[in-house]
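Work through the exercises below with the model open. Each one sets a task and then solves it in steps.

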Amino acid sequence: MNRVNLNIDSIQVSVAQGTTLLNAAKELKIKIPTLCHHEDLCVAGNCRVCVVEQVGSDRLLPACATPVSEGMEIRTNSLKVRNARKTVIDLLVSEHRADCTRCFKNGNCELQQLSSEYLIGEDSYIDLVSLKEYTIDYFSPSIIKDDSKCIRCQRCVRTCDELQAIGALTVAYKGEDMKISSFFEKPMYEVICTNCGQCVNRCPTGALVEHNYIDEVWAAISNPNKHVVVQTAPAVRIALGEALGMPPGNIVTGKMVGALRRMGFNSVLDTDFTADLTIIEEGNELLQRLKSVLVDKNPDVHLPMTTSCSPGWVKYIEHMYPDYLPNLSTAKSPQQMFGALAKTYYAKKMNIEPEDMVSVSVMPCTAKKYEANRPEMHSSGYKDVDLVLTTRELAKMIQQAGIGFESLENEEFDSFMGVSSGAGVIFGATGGVMEAALRTAYEVVTGREVPFKGLNITPVRGMDEVKEATIKIEDALPEWDFLNGVELKTCIAHGLANAKIVMDKVKNGEASYHFIEIMACPGGCLGGGGQPIPTNAAIRQQRSDAIYREDTGKPIRKSHENPEIIKLYKEFLKKPLGHKSHELLHTSYTERNRY
Amino acid sequence: MTETVNLVKSLADKYGRYHESLLPILQGVVQEEKYLSEEAMVEVARELDISAARVFGTASFYSFLNTKPMGEYVIRVCKTITCMMHGKNIIIQELEKNLKIRVGETSHDGKFTLLETNCLGQCHKGPAMLINDTPYTDLTLEKIRDIIQSLKKGDLVGSISNPLN
Ligand code: SF4
Ligand code: SF4
Ligand code: SF4
Ligand code: FES
Ligand code: FES
């Protein structure tokens, strides 16, 4: 590759052609401030806070949008540059309702950080906030959109377009009226927004934040008449440390359990347990569908079957591919399976009245907040999951509680509904559900373990946008002999833009998959919208490595070998896809509008 | 299928289903239906396989792509600097008084819509306004009263004495 030589702040550097000034400076450990730039997204170049000076040229250049050229002499810290940046920030702040002390992003806000670095003083520009009629949309259970905090950097618009191919947000109107808007400025919960929270994770300010339930959870914990159970999703334990000052890629399961107990939760349980359960139900559903289609030729049963554990994906398909709702597995997500069992099975065994129970979940996800509020999620006779926190909210609560997280001893989840297999853990990574399902389904059908070394089904792992894998079934047990010789075709996509590619293929008859795994967020739940900020490709990879390490370290690797799952079926559910399962663990879907 | 669905379909057949087909299709809908309804925008989004919000965002950018139902006569008063300096606010006041509506509103009988718009290219003859496709310049309060009177009586826009000529 061609190299380009240039000089940045009097340091000579040679970088690959096409590198931006921003990244060239980064190689020299020179930090240029940015606001509209995000590594996951295309260049926008609209905020101008990254300007640098080219010696001999009057105009300042946006470093994020300017590729290097031979012989350039760049100044990143001249007086002119500093003044220009300060003016940019100052102007942004003049239209910004900067009530930092009351803002959810206080302490983790890029605009606040820059204002502090550049010492934005008082009264440099007229404060326009009182002259504008800003809208604050509090109505969604997942996301709060506060236009008075928006600096119109359009990271959210690009996120929703490029990573998710949804386009729920757009730039509307022009000039001073320009704003980030949904279709006809409708509230977020009425439009196609899947609540994935990817935009929330990338918004540099407090304009897009999760709807937080921190106070509600504290209130429940301090109510002596309530038994508060908490479940934690697979992807929380490998990212929570980041929000508490640890480097990415740490597995903090034991400390997290310890912290939750100290905070006062009465039962500290694991969503991984119901991830295992999801595999049993969904795996059996797949086998039953294969039988109905291949043997009984039942026209009402549809293939490919797609996973249903990502509520962002579920809402997406309800809006965009309603004809394919019959293809969606009816199995609920692990969160909702957990909720339904907590207020039935668990409550009964623990002798707690379900109305005295508050069921809390900690998720890497903002869409789970919406999911818990879907009207159909009342299988226990109560709201199955009462309150949903993101990884970030839990970190905040741990800080509020004054817990020295890093020095906590490792503790174990309570039993029962606290034991999980490695298969449950990998749910948090793209390809994980597929791998977990194959580990179980293959064994059900053939009586043998999947033919991969160490149970590691590597073809379904990794960050490729769309992955395909085929497993040939041979020597099936008598009950499943119709599958002999069948090549089970699977496909895995993460990020809804990739889901769209796969669904369009299915729709146009260009693909003949049996089973498709889709996760709404890039990288799967480990890159969820509720995960610590920042999230980017390098961090997703570190979290993913941690998840597979946790899997390998588990004594039990297959969902159907989880002893608590075996017990649950024996004592309560009786059999997969049985009557009780249908009542508590399966759900239905609704067609929704296309905006 | 509704009329709007058919209209959008035929416009998409005519202009293609590319990103650059968006504007001509939107213009085509406005020509037929006077404004872009939610239904029309969703259909355009479906035909072009883009997001409905994006269609809305584009439409909201252009003053002439109405996103609300419009009256029979759409009055657009220039709000840009030259006309502003030539008393556009007083013109608007007079219009509001005569039409009994405010900027952005449509009269109850569905006859008039009053809007502001950006420079009409008549700066040398400001204040200026546009009624449907006809420009009116060098506006005075008397002129405003005359024009509105004759429109109320049902005279055609084109037939009112036009100060441009
Ligand atoms: S968005 Fe940032 S700068 Fe604005 S009020 Fe919140 S913390 Fe302060
Ligand atoms: S909502 Fe956030 S990400 Fe979107 S434009 Fe505003 S500040 Fe940027
Ligand atoms: S939450 Fe997801 S779907 Fe909704 S606007 Fe943000 S990125 Fe788009
Ligand atoms: S970060 Fe470069 S223009 Fe915004
Ligand atoms: S400023 Fe009014 S027409 Fe140009």
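Helices and strands here are DSSP runs, numbered from the N terminus, with at least four residues for a helix and at least two for a strand. The model is predicted.

**Exercise 1.** Describe the largest pocket by its volume, its centre and its lining.

Solution.
Step 1. The space in the largest pocket comes to about 1,500 Å³.
Step 2. Its lining is made of 44 residues, and those closest to the centre are Tyr173(A), Lys174(A), Asp177(A), Ser60(B) and Lys79(B).
Step 3. Now look for the elements that supply at least two lining residues each: these are β9 (179–181) of chain A, and α4 (52–61) and β2 (112–117) of chain B. With four residues, α4(B) has the largest share.
Step 4. Sorted by class, the lining holds 19 nonpolar, 15 charged and ten polar residues.

**Exercise 2.** Do the same for the second largest pocket: which residues lie nearest its centre, and which element gives the most to its lining?

Solution.
Step 1. About 700 Å³ is the space in this second largest pocket.
Step 2. Lining it are 27 residues, with Lys31(A), Thr34(A), Glu39(A), Glu110(A) and Arg155(A) nearest the centre.
Step 3. In chain A, α1 (21–27), α3 (110–117) and α5 (198–202) each contribute at least two lining residues. The element that gives the most is α3(A), with four residues.
Step 4. The classes are ten nonpolar, nine charged and eight polar residues.

**Exercise 3.** Find how many residues of each chain are in contact, and which three residues of chain B supply 35% of the area that chain B buries against chain A.

Solution.
Step 1. Taking contact as heavy atoms within 4.5 Å, 18 residues of chain A meet 20 residues of chain B.
Step 2. About 1,600 Å² is buried between the two chains, and carbon and sulfur atoms give 58% of this area.
Step 3. The three residues are Glu38(B), Ala53(B) and Phe56(B), which supply more of the area buried by chain B than any other three.

**Exercise 4.** List the polar links between the chains, then describe the side of chain B that touches chain A.

Solution.
Step 1. Three salt bridges are found across the interface of chain B and chain A. A salt bridge joins Lys500(A) to Asp49(B), where the closest N and O atoms are 2.8 Å apart.
Step 2. Seven residue pairs between the chains are in polar contact, both residues being at pLDDT 80 or more.
Step 3. On the side of chain B that touches chain A, α3 (38–48) and α4 of chain B each supply at least two residues. The largest share, seven residues, belongs to α4(B).
Step 4. That side of chain B has ten nonpolar, six polar and four charged residues.

Key: Residues are numbered from 1 along each chain as its sequence is written. Chains are lettered from A and ligands numbered from 1 in the order in which they are written. This is a predicted model: local features need pLDDT of at least 70, side-chain atom pairs count only at pLDDT 80 or more; totals for chains, interfaces and linings use all residues. Side-chain values use heavy atoms; hydrogens and water are left out. On a 1 Å grid over the protein atoms alone, a cavity is a set of points where a 1.4 Å probe fits but cannot get out, and a pocket is an open set with protein on both sides within 12 Å along at least five of seven lines; lining residues have an atom within 4 Å of a point. Grid points are joined across faces, edges and corners, and a volume is the space filled by probe spheres set on the points. Ala, Val, Leu, Ile, Met, Phe, Trp, Tyr, Cys and Pro count as nonpolar, Asp, Glu, Lys and Arg as charged, and the others, Gly among them, as polar. Buried area is the accessible area (1.4 Å probe) that two parts lose on being put together, summed over both. A salt bridge is a side-chain nitrogen of Lys or Arg within 4 Å of a carboxyl oxygen of Asp or Glu. A polar contact is a pair of N or O atoms within 3.5 Å; within protein, one must be able to donate a hydrogen and the other to accept it, and residues adjacent in sequence count only if both atoms are side-chain atoms.
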